[in-house]
Amino acid sequence: MPTYTDMTRCDGCGECVDICPSDIMHIDPVYRRSYNIEPNFCWECYSCVKACPQNAIDVRGYADFAPLGHKVRVLREPEKGVISWKIRYRDGRIKEFAFPIRTTPWGSIKAAGEYEKPDAAAFGTQMLAHEPTALHIDALPTLEQKTIPAKQAKA
């Protein structure tokens, strides 16, 4: 579901422009408001929704999720630590969802070096399926390297 900007709420701060990984959020030079220049290229990461301090970025819901005539409103609520979704259907029904902004508390993720070394027996399990023994082959395939005879190399 690509995003779009509610121009009446946007103040043109550019937070969405700075955080958009696909570089499709831009600031209109005349109106000084953000807009999505190519909704079809939206990765649907909703980083812009999470970053917008004005809650000015909405989502165009797919027909199976929210049929014609609906309105999808996404709100960032950092004080609650959630992203809230509110879908208003044409018949007046309202569905609300809330998802955590982060699945792990701030500062709780360890650096790679802080984890214990894996057990050597784990290399034979399917969790590490790229190892030859898990794939039941003698060795991983490699690119064939051709050697150039010395006479050809000098020519």
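**Reasoning from cut-offs**

Tutor: Let's start with D91 and R93, which form a salt bridge with their closest N and O atoms 2.9 Å apart. Keep in mind that this is a predicted model.

Student: What makes the pair D91 and R93 a salt bridge?

Tutor: The cut-off asks for a Lys or Arg side-chain nitrogen within 4 Å of an Asp or Glu carboxyl oxygen. The N and O atoms of R93 and D91 are 2.9 Å apart, so the pair qualifies.

Student: Why does D91 count as exposed, and R93 as partly exposed?

Tutor: Exposed means over 50% relative accessible area, and buried means under 20%. D91 has 54%, so it counts as exposed. R93 has 45%, which lies between the two limits, so partly exposed is the right label.

Student: How many salt bridges does a search of the whole structure find?

Tutor: The search finds four. One of them joins D58 and R73, with the closest N and O atoms 2.0 Å apart. D58 sits in strand β4 and R73 in strand β5, so this pair ties together parts that are 15 residues apart in sequence. D58 and R73 are both buried.

Student: How do you know that K80 is exposed and E77 is buried?

Tutor: Use the limits again. K80 has a relative accessible area of 56%, so it passes the mark of over 50%. E77 has 16%, so it falls under 20%. The side chains of K80 and E77 also meet in a salt bridge, at 3.4 Å from N to O.

Student: Why are β5 and β6 called paired strands?

Tutor: Pairing takes at least two bridges. Seven bridges join β5 to β6, which run antiparallel, so they count as paired. Within this pairing, E77 has V82 in β6 as its bridge partner. The two strands form a hairpin with four residues between them, and G81 in the turn has a positive phi of about 75°.

Student: What makes β6 and β7 a pair too?

Tutor: β6 and β7 are joined by seven bridges in the antiparallel sense, so the mark of at least two is met. Here I87 stands opposite K95 in β7.

Student: Why is β6 called mostly covered?

Tutor: Five of its seven residues are buried. β6 also gives the most to the largest nonpolar core, with three residues. That core has 21 residues, and W85 and V59 are among those with the most contacts inside it.

Note on methods:
Residues numbered from 1 in each chain as written. Predicted model: local features only at pLDDT ≥ 70, side-chain atom pairs only at ≥ 80, totals over all residues. Heavy atoms only, no water. Core = buried A, V, L, I, M, F, W, Y, C linked by side-chain atoms within 4.5 Å. Buried < 20%, exposed > 50% of the residue type's maximum accessible area, 1.4 Å probe, protein only.
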